[in-house]
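Dear colleague,

I am passing on the structure we spoke about, with my notes set out below it. Please read them with the coordinates open beside you.

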Amino acid sequence: MRRPIVRTLARAAALGAAAAALPLASPAPVAADSVVVGGKLVRVADSPWVVALSSRDRFGGTRSGQFCGGVVVGRSTVLTAAHCMSKEVLGVPLRRVSDLKVIAGREDLATNAGNEISVSNVKTNPEYDASTNSGDFATLTLAEPLPESYVIRAAGAGDAAYKPGTSAAVYGWGDTTGRGNYAQSLHAADVTVLADKECQEAYPGSADGTYTPASMVCAGEIQGGRDACQGDSGGPLVARGKLIGLVSWGDGCGRAGSPGVYTRISEVVRVMKRYA
Ligand code: 4AZ
């Protein structure tokens, strides 16, 4: 179904919090190849740049208020998806969310490991277009800096990490089945960077969005399987040890012929320089 991604995410995140309160209620089988459909559990110590965005006021406390992902690109700078800051996701305008936090160093959302850091400023990309999904990023400024060791390098334009066929990994606490089963602990899935032509054929333009090579990159397995899903938005796609994308959109999760679409980081870097 082609539904507005952002509304689905907000509703799903709330449901996820409720489901997590009953961990034994209905343990859905996770297909071996189906995260962050088709993913595996990973240690945040091995990927310290992955962070959770949290608002307990909006999403409840069971999973630390997690509703989106993010990635540390500077000691005080986190990137996420622009759509994560929208009223559709938050349920209220961003200015009404008084407890927005970045959670670093916590793989299990049921614990209080790591750090919760207040966000002192949010800047949504002025070029974000919600109708095509192009330019889907926002920068968060942290009230206190993280250690330098948390920062991941961004892959610039022309970096080999963007080459079709490159192995990449996507990280998040989102839906692991496409049926509203939100992860309690951090997952990652291996996906392949696809050629722009394949992405354009998959998304020539619909209510979901339009694949735009200049500002997007797509990844997955053309036969379906491993993919990002609801709740992973804003989280990192990493290849060759560098950040190449932010989880942005797609038609469902892990469907054959519907790869995950990511905000292209080289474009984020370009736009950030322009507005710096
Ligand atoms: C979402 O709704 C979403 N399969 C994120 C990623 C993908 C689809 C939907 C990619 O936030």
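Please bear in mind that this is a predicted model. I began with a single pairing: Y171 stands opposite A188 in β9. That position belongs to a longer ladder, in which strand β8 (residues 167-172) and β9 run antiparallel and are joined by six bridges. A188 has a partner in another strand too, since K40 stands opposite A188 in β9, and strand β1 (residues 40-41) is joined to β9 by two bridges, again in the antiparallel sense.

Strand β10 (residues 216-220) also pairs with β9, antiparallel and over two bridges, and here T192 of β9 is found opposite G220. As for β9 itself (residues 187-193), the strand is mostly covered, with five of its seven residues buried.

Y171 then leads from the sheet to the interior, because Y171 is, together with F67 and L237, among the residues that touch the most other members of the largest nonpolar core, which holds 70 residues. Strand β12 (residues 242-249) gives the most to this core, contributing five residues. Both domain 1 (11-25 + 48-151) and domain 2 (154-264) supply residues to the core, which therefore lies between them.

Of those three residues, I followed L237 further: leaving aside its neighbours within four places in sequence, L237 is in contact with A168, A169 and V170, with V191, with V217 and A219, with K242, L243, I244 and G245, and with Y262.

With best regards

Terms used
Residues are numbered from 1 along each chain as its sequence is written. This is a predicted model: local features need pLDDT of at least 70, side-chain atom pairs count only at pLDDT 80 or more; totals for chains, interfaces and linings use all residues. Side-chain values use heavy atoms; hydrogens and water are left out. Buried means under 20% relative accessible area, exposed over 50%, partly exposed in between (1.4 Å probe, protein chains only). Helices (H or I, at least four residues) and strands (E, at least two) are DSSP runs, numbered from the N terminus. Two strands pair if DSSP finds at least two bridges between them. A nonpolar core is a set of buried Ala, Val, Leu, Ile, Met, Phe, Trp, Tyr and Cys residues joined through side-chain atoms within 4.5 Å. Domain bounds come from an automatic or database domain assignment. Contact means heavy atoms within 4.5 Å.
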